[in-house]
Each structure stands twice: as C-alpha cells, then as structure tokens.
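Open the model in your viewer and keep the sequence panel visible. The tour below goes stop by stop, with something to select at each one.

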Amino acid sequence: MSFHSFPRLNNKKGFTLIELLVVISIISLLSSIVFTSLSSARVRAAKVAGMEFASRMDRTIGLNTAVDIDFDEGTGTKVVNKSDGNQATAVGGPTWSTDTPTGIGYSMAFSGTQNINVYATGDGMNATNDGRAFTYAAWYEPRVVNPATGIYILNRSGYHSGITHSASGRLGCTQWFTDITNINIQYTTNVDAGRWYHVACTVDSLKKTITLYVNGNAVNKATYTTGKILYDYSAVPYTIGAFSSTYAADGNIDQVRVFTQSLVAQQVKDLYDATKAQFALK
C-alpha cells in the first residue's frame, strides 16, 4: 500500500471568526435577558416586601397612640405631640441636636437637669389604669455608661413607671402597683456611651406580663399575680428626660411614643426596623 493512500488526520475544519462572534453575541443576548428577568423579579420582591412593611407600620403607628413626639421642630421650647396636636414645653433648657438615630432631623439633648411634660388628651392620659395594656418606646443615646443615679428616659411621675437607665449601666423598665410595690426588669448587658438604643416596655394587665425590648428584641420579661393592680396615674403627665433633676437623663432622646395597648413582638421590631432599615446606626 502506498504511503499516500492513508487519510489525512489533521484536515478538520474549525470555527471561523465570524461564527465565534455570532455565538458570543447570542450568549450575551441570552445573558442580558436572564439578568433583566432576575433584576425585575428582585425589584418586584422588594416592592412587595416594602408594601408589607409599610402596611405593618401603618397598623402599628395607627394604633391608639397617646404620645408621638419626634423633636423635628429643631428650634424653640415647644414640641408637638402628633397624636393629638398639643404642644409640650421643654423645661430647664434641653437643646436641639442633629445627632439622631436616622442621621436626619433632630433629637433632644438632655444634660441632667431638664425634662418635658406631655399632657396627652383623652384616653391617652389613663393608659396605665388596670384593665388596660400599654407600651412605652423611645430612642436613647446615653452620654455616660454609669450615671450617678438611675435615669428615667420616659415615665409617669409620682410612683415612677417607665423606661430607665440604671446607675449600673443597664436599660430597664419599672412598673408600680396600687399596693406601692413595683417590678423592675433590666437588660443584662451594659450600654455603650454614644450609641443609640431603641428601648420599649410593654405592659399587658390581662396577661399580667411586663416585657422589655432593646433594639427590637425581647431581652427580659416578668409576670405578676392576679391580685396586683396597676397604679392609676390619672392626669399625671408623661415625662421625657426626668421627673426631677435627681433622676434626669444625660444624653439624647428621640422618637418618643406611648401606645395605649401592649404591642406584640413583631410590632416592636417594626418600630425599630423603621429607623434601622433606612440608615446605618452608630
């Protein structure tokens, strides 16, 4: 057999440059279609999630609200309680501050001698009567870890029920009863000076529970006996910052709310997320 009778093994034809460009173009087109579809799906999912969150917030904020103060006036000595339109006067000269948990608007800076008394109208004034449920909530940025005495961030004066910052450096919640006894629960972690915290306390006189929330999470809970009756504060105002210079706040306070019902865990988390989701916290 002649050497030249064997078939050639290297004569297979490859892709031309034009064919390769066509294939690359098709792949690019298909990729762009897929990425566009995925992006549209993500946008739709984000819109749905946003609408669900907005709906939850509307239900939460739309609840019976006795106090709703955000301090965004930014000037003067008056703050507006948006729940009833009434004004409250800042006593002792707390100052407006642009240091806020959201990075926009204003908070109120307290330095140990000032307070704001809020006289809520209607049902809001009697939110702590027995047979009722209620919630205190506020953003708080302590200036010091261990104040000389305990601080009342938001409370009802007389026998002082509300949210607190203890001399040991812990956030807490205190509730008094008609037999002049009280329950005080605290977060087990000390605060950091210069850091914003969302603090909420829910009281449910039907379930006989008091729950403390910090940054949207339940951190402590107490129950009380059926015979206990919540202290009746009648026309005593809600006090922001302190009830006297002895227990006055030393730090910034913002977005103060009192609800005339006990918020559930998801609603408290929504209050926290409404601020946290939009801006980076310090």
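Two residues are said to be in contact, or to touch, when they have heavy atoms within 4.5 Å of each other. This is a predicted model, in which local features need pLDDT of at least 70 and side-chain atom pairs count only at pLDDT 80 or more, while totals for chains, interfaces and linings use all residues. Residues are numbered from 1 along each chain as its sequence is written, and side-chain values use heavy atoms, with hydrogens and water left out.

**The whole chain**

Select the protein chain and show it as a cartoon. It has two helices and 16 strands; here helices (H or I, at least four residues) and strands (E, at least two) are DSSP runs, numbered from the N terminus. Of the 282 residues in the chain, 44% are buried. Buried means under 20% relative accessible area, exposed means over 50%, and partly exposed lies in between, using a 1.4 Å probe and protein chains only. Among contacts with a separation of 6 or more, 64% are between residues 24 or more positions apart.

Now switch on the surface. The accessible surface of the chain is about 14,400 Å², and carbon and sulfur atoms account for 57% of that. Such areas come from the Shrake-Rupley method with a 1.4 Å probe; for residues, only the protein chains shown count as cover.

**Stop 1: Tyr247**

Select Tyr247, in the loop between strand 15 (238-240) and strand 16. Which residues does Tyr247 touch, not counting those up to four places away in sequence? They are Thr149, Gly150, Ile151, Tyr152, Gly241 and Ala242. Add a distance from Tyr247 to Thr149: the two are 98 residues apart in sequence, yet 6.2 Å apart from C-alpha to C-alpha. Tyr247 counts as partly exposed because its relative accessibility is 31%.

**Stop 2: Gln255**

Move along the sequence to Gln255, which is in strand 16 (residues 250-259). Is Gln255 buried or exposed? Its relative accessible area is 15%, so Gln255 is buried. Check its backbone as well: phi of Gln255 is near 50 degrees, a positive value in a residue other than glycine.

**Stop 3: the loop between strands 10 and 11**

Select Thr178 and Ile180 together. Thr178 is in the loop between strand 10 and strand 11, and Ile180 lies in the loop between strand 10 (171-176) and strand 11 (182-186). Thr178 is partly exposed because its relative accessibility is 45%. Ile180 has a relative accessible area of 38%, so Ile180 is partly exposed. The phi angle of Ile180 is positive, near 60 degrees, in a residue other than glycine.

Next show what surrounds Thr178. Leaving aside neighbours within four places in sequence, Thr178 is in contact with Ile229, Leu230 and Tyr231. A line from Thr178 to Lys228 joins residues 50 apart in sequence and, C-alpha to C-alpha, 7.5 Å apart in space.

**Stop 4: Lys78 and Thr89**

Select Lys78 in strand 2 (residues 78-80), then add Thr89 in strand 3 (residues 87-91). What joins the side chains of Lys78 and Thr89? It is a polar contact of 2.7 Å. A polar contact is a pair of N or O atoms within 3.5 Å; within protein, one must be able to donate a hydrogen and the other to accept it, and residues adjacent in sequence count only if both atoms are side-chain atoms.

Lys78 is partly exposed because its relative accessibility is 38%, and Thr89 is partly exposed because its value is 33%. Not counting residues up to four places away in sequence, Lys78 touches Glu73, Gln87, Ala88, Thr89 and Trp96. With the same residues left out, Thr89 touches Thr77, Lys78, Asn115, Ile116 and Asn117. Measure two C-alpha distances here: Lys78 to Val91 is 9.6 Å, across 13 residues of sequence, and Thr89 to Asn115 is 8.8 Å, across 26.

**Stop 5: the second largest pocket**

Finish at the second largest pocket, with a volume of about 210 Å³. Select Asp204, Lys207, Thr209, Ser262 and Leu263, the closest to its centre of the 14 residues that line it. A pocket is found on a 1 Å grid over the protein atoms alone, as an open set of points where a 1.4 Å probe fits, with protein on both sides within 12 Å along at least five of seven lines; lining residues have an atom within 4 Å of a point. Grid points are joined across faces, edges and corners, and the volume is the space filled by probe spheres set on the points.

Colour strand 12 (197-204) and strand 13 (209-214), each of which supplies at least two residues of the lining. By type, the lining has six nonpolar, five polar and three charged residues. Ala, Val, Leu, Ile, Met, Phe, Trp, Tyr, Cys and Pro count as nonpolar, Asp, Glu, Lys and Arg as charged, and the others, Gly among them, as polar.
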